[in-house]
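Trainee: I am new to this structure and would love a close look at a single part of it. Could you walk me through it at an easy pace?

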Amino acid sequence: MNEENSTIQAVVRSVDGDQALVEVEQGGCGRCHEKGGCGGQHLTQMFCSGPKTYRVDNLVAASVGERVTVAIAAGSVRRTANLAYGVPLLSMLVGAALGTQIGGDLGAVLGAGGGLVLSVFYVRFRSRDGSGNFTERPHIISRS
């Protein structure tokens with residue numbers, strides 16, 4: 001799987017071992033108007049007006065105050081969003097449909113709740129499973 005990384009400029013605000021807390025200068029990758037851009041920057045500006053800080057791997061040993069380039073594997077944001085939002089929504093809908101068949105309206109409510117609870121356990125399991133995969137995690141690739 002030879003995919004290109006998405007990069008963004010940031011400033012290191014604190015360092016903790018091989019991790020750094022970085023503040024990004026803009027939301028998203030900045031490719032909103034390019035072909036294939038998702039327009040995520042517009043959403044982040046609408047919902048988050050304060051500074052945007054993220055914990056990233058700091059294997060280049062950047063220091064506090066340095067400007068850095070942060071990379072994340074192409075497609076990992078989409079996969080993470082599908083896992084965090086799509087799986088619970090789909091689980092609730094399937095649970096509600098099955099619950100309706102078994103117990104009417106009350107069954108639909110219980111089925112939707114059960115589907116949501118099961119999806120939370122699944123998402124937590126999958127989140128831990130991929131946490132050791134360096135290529136999927138945001139990381140500093142260079143000092144600017």
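Trainee: Let us take Glu-66: does Glu-66 count as buried, exposed or partly exposed, and at what relative accessibility?

Mentor: Happy to help, and please keep in mind that this is a predicted model. Glu-66 has a relative accessibility of 24%. Buried would mean under 20% and exposed over 50%, so Glu-66 counts as partly exposed.

Now look at what the side chain of Glu-66 does. It forms a salt bridge with the side chain of Arg-143, at 3.0 Å from N to O. Glu-66 sits in the loop between strand S3 (52-57) and strand S4 (67-73), while Arg-143 belongs to strand S5 (residues 139-143), so the pair ties together parts that are 77 residues apart in sequence. Arg-143 is partly exposed as well, at 43% relative accessibility.

The structure holds two salt bridges, and the other partners are Glu-23 and Arg-13, again at 3.0 Å from N to O. Here Glu-23 comes from strand S2 (residues 19-24) and Arg-13 from strand S1 (residues 5-16), with the two 10 residues apart. Glu-23 is partly exposed at 23%, and Arg-13 is partly exposed at 43%.

Next, follow Glu-66 to Ala-10. Leaving aside neighbours within four places in sequence, Ala-10 is in contact with both Glu-66 and Glu-23, and also with Val-22, Val-24, Arg-67, Val-68 and Val-70. Ala-10 therefore touches a glutamate from each of the salt bridges you have just seen.

Ala-10 also leads us to the inside of the model. It is one of 11 residues in the largest nonpolar core, whose other members include Val-22, Val-24, Val-68 and Val-70. Ile-8, Val-12, Val-56 and Ile-140 are also among the members of that core. Strands S1, S2 and S4 each supply at least two of the core residues. As a general pattern, nonpolar side chains in soluble globular proteins tend to be buried together.

For a contrast, turn to the surface. Leu-90, Val-94 and Leu-98 form a nonpolar patch there, with about 290 Å² of accessible area together. Leu-90 lies in helix H2 (residues 76-129) and is exposed, with a relative accessible area of 54%.

A word on confidence to finish. The chain averages a pLDDT of 80, and 75% of the residues score at least 70. Confidence is highest in H2, at a mean of 91, and lowest in helix H1 (residues 40-47), at 56.

Note on methods
Residues numbered from 1 in each chain as written. Heavy atoms only, no water. Salt bridge = Lys/Arg side-chain N within 4 Å of Asp/Glu carboxyl O. Helix = DSSP H or I, 4+ residues; strand = E, 2+ residues; numbered from the N terminus. Buried < 20%, exposed > 50% of the residue type's maximum accessible area, 1.4 Å probe, protein only. Patch = residues over 30% accessible without salt bridge, like charges linked within 9 Å, V, L, I, M, F, W, Y side chains within 5 Å. Areas by Shrake-Rupley, 256 points an atom, 1.4 Å probe, with all protein chains shown as cover. pLDDT = per-residue confidence, 0-100. Core = buried A, V, L, I, M, F, W, Y, C linked by side-chain atoms within 4.5 Å. Contact = heavy atoms within 4.5 Å.
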